[in-house]
Amino acid sequence: MKIEFASVDDYARQFTDTAFWRPAVERVCQHHNIHIGTMQAGLAGTHPVFLVQNGQQYVIKFYETRFFAGTRSYKVERELYQWLPDLLPIAIPRLIATGILEAFGTWPYIITTRVPGTSFGQVRQQVDTVGRKALATVLGRTLSQLHRIPVETSLFLRQLRDEWSEFIRGQYDQCVANHQRWNTLPNHLIAQIPDYLAKYEHFGDPQTCCLIHADLTEDHVLGAFQAGQWSVTGLIDFGDAWVGSPLYELVALHLSVFQLDKGLLQTFLQAYTSDTAFYEHFVERAMVATLLFEFNAFADVAEHQEAALKAATLEELADQIWGL
């Protein structure tokens, strides 16, 4: 049977259907001599993920290449999961095997170790203030290490940096059209975008680039309760990683994980860096990153701080979101 979908909606309907995907998972496991005990679907997202347990735990991720940039995500995760787990203080998936599932259509896939824990988004309401501050501190230290990984020593990372330059130029060119399509920012703020972008840091500068996760949402931060206290155990889903601006990294982190809590942002930054240059024009530069973000970051603002969108200017909105 060929796995193909007529539309994104059709794809979404089948996304977490384990019965639908089981033949594909069985074929992959058979090819790599993995016995399927139990099979469980991951959270709904861009690419389907399944947990296979048979005494050991494996994660199998398929990459959709028709509707989404699955080929790029496959190449990025296939590369990073080979060596990045050894360089970070918390767990990320470690690569076990890769391949292309031809029997069901062209579906690239990877098999990795499972990162222990549950997504922060699933347990947020159970995590107290102490746990949330600890989360911000751990993420600050972790991202500080991630962002210090030398880029020049890796051909792959240099390629990601070159691709970032092209990607971010496209984000500048499409920024107004994107926000008109998303229709979250009011029209008077969308009209101010070209002038705002022209004033502040250009995110294509290769000198400021570092390896970034670029999609640090509440679904991708995992943790577990130990003695009643929740703590971070790892990060998943590096498929959108770039070698790009560290400010771009903060967008999903602050708007999704922290839900615009400036206290958590400050705790994170204290653990992240004491470099005074990083904080020069921080609010404006972070706002540029928010405007250029690949996805509609202001949907999180609308959900968690809707009144901010009544701002008269982008400067005022930037201060409400990012002002420390």
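How much area does the protein chain expose, and what share of it do carbon and sulfur atoms supply? In this predicted model, the exposed area is about 14700 Å², of which carbon and sulfur atoms supply 47%.

**Overall form**

The chain's secondary structure amounts to 13 helices and 10 strands. Its radius of gyration is 20 Å, close to the 20 Å that the globule rule gives for 324 residues, so the chain is as compact as a globular protein of that length. The C-alpha trace spans about 60 × 45 × 40 Å along its principal axes. Buried residues make up 50% of the 324 in the chain. Where contacts link residues at least 6 apart in sequence, 69% of them join residues at least 24 apart.

**The five-stranded sheet**

An open sheet is built from five strands in the order 1-2-3-5-4, with antiparallel pairing. Strand 1 and strand 4 are its edges, each pairing on one side only. On average, neighbouring strands of this sheet are turned by 20° against each other, direction ignored. Helix 2 packs on the sheet and touches strand 1, strand 2, strand 3, strand 4 and strand 5; the direction of helix 2 makes about 110° with that of strand 3. Helix 3 lies across strand 3, strand 4 and strand 5, and runs at about 160° to strand 4.

Two antiparallel strand pairs, one of them from this sheet, are set out below.

| Strand pair | Residues | Bridges | Residues standing opposite |
|---|---|---|---|
| Strand 4 and strand 5 | 95-101 and 107-113 | six | Thr98 and Ile110 |
| Strand 8 and strand 9 | 221-226 and 229-235 | six | Ala224 and Ser231 |

Strand 8 and strand 9 form a hairpin with two residues between them. Ala227, in the turn, has a positive phi of about 55°. Five of the seven residues of strand 9 are buried, so this strand is largely enclosed by the rest of the structure.

**Nonpolar cores**

In soluble globular proteins, nonpolar side chains tend to be buried together. The largest nonpolar core here has 84 residues, and Phe268, Leu291 and Leu317 have the most contacts inside it. Apart from that core lies another, of 23 residues, among them Ile36, Phe50, Trp107 and Ile111. Not counting residues up to four places away in sequence, Phe268 touches Ala136, Leu139, Gly140, Leu143, Leu250, Leu253 and Phe258.

**Helix 11**

How many residues of helix 11 are buried? The count is 10 of its 11 residues, and the helix is thus mostly covered. The buried residues include Arg285 and Thr290 alongside Phe282, Val283, Met287 and Leu291. Among the elements that cover them are helix 6 (155-182), helix 8 (193-199), helix 9 (246-257), helix 10 (262-272), helix 12 (298-304) and helix 13 (314-322).

Thr290 offers a closer view of this helix, which comprises residues 282-292. Why does Thr290 count as buried? The reason is its relative accessibility of 0%, since the cut-off for a buried residue is under 20%. Leaving aside neighbours within four places in sequence, Thr290 is in contact with Val251, Leu255, Ala297, Phe298 and Trp322. Of these partners, Val251 and Leu255 fall within the residue range of helix 9, Phe298 within that of helix 12 and Trp322 within that of helix 13.

Technical notes
Residues are numbered from 1 along each chain as its sequence is written. This is a predicted model: local features need pLDDT of at least 70, side-chain atom pairs count only at pLDDT 80 or more; totals for chains, interfaces and linings use all residues. Side-chain values use heavy atoms; hydrogens and water are left out. Two strands pair if DSSP finds at least two bridges between them. Helices (H or I, at least four residues) and strands (E, at least two) are DSSP runs, numbered from the N terminus. Axes are lines fitted to C-alpha atoms, for helices over the stretch in contact, and angles run from 0 to 180 degrees between N-to-C directions. Contact means heavy atoms within 4.5 Å. Buried means under 20% relative accessible area, exposed over 50%, partly exposed in between (1.4 Å probe, protein chains only). The radius of gyration is taken over C-alpha atoms; the globule rule is 2.2 Å times the number of residues to the power 0.38. Accessible areas come from the Shrake-Rupley method with a 1.4 Å probe; for residues, only the protein chains shown count as cover. A nonpolar core is a set of buried Ala, Val, Leu, Ile, Met, Phe, Trp, Tyr and Cys residues joined through side-chain atoms within 4.5 Å.
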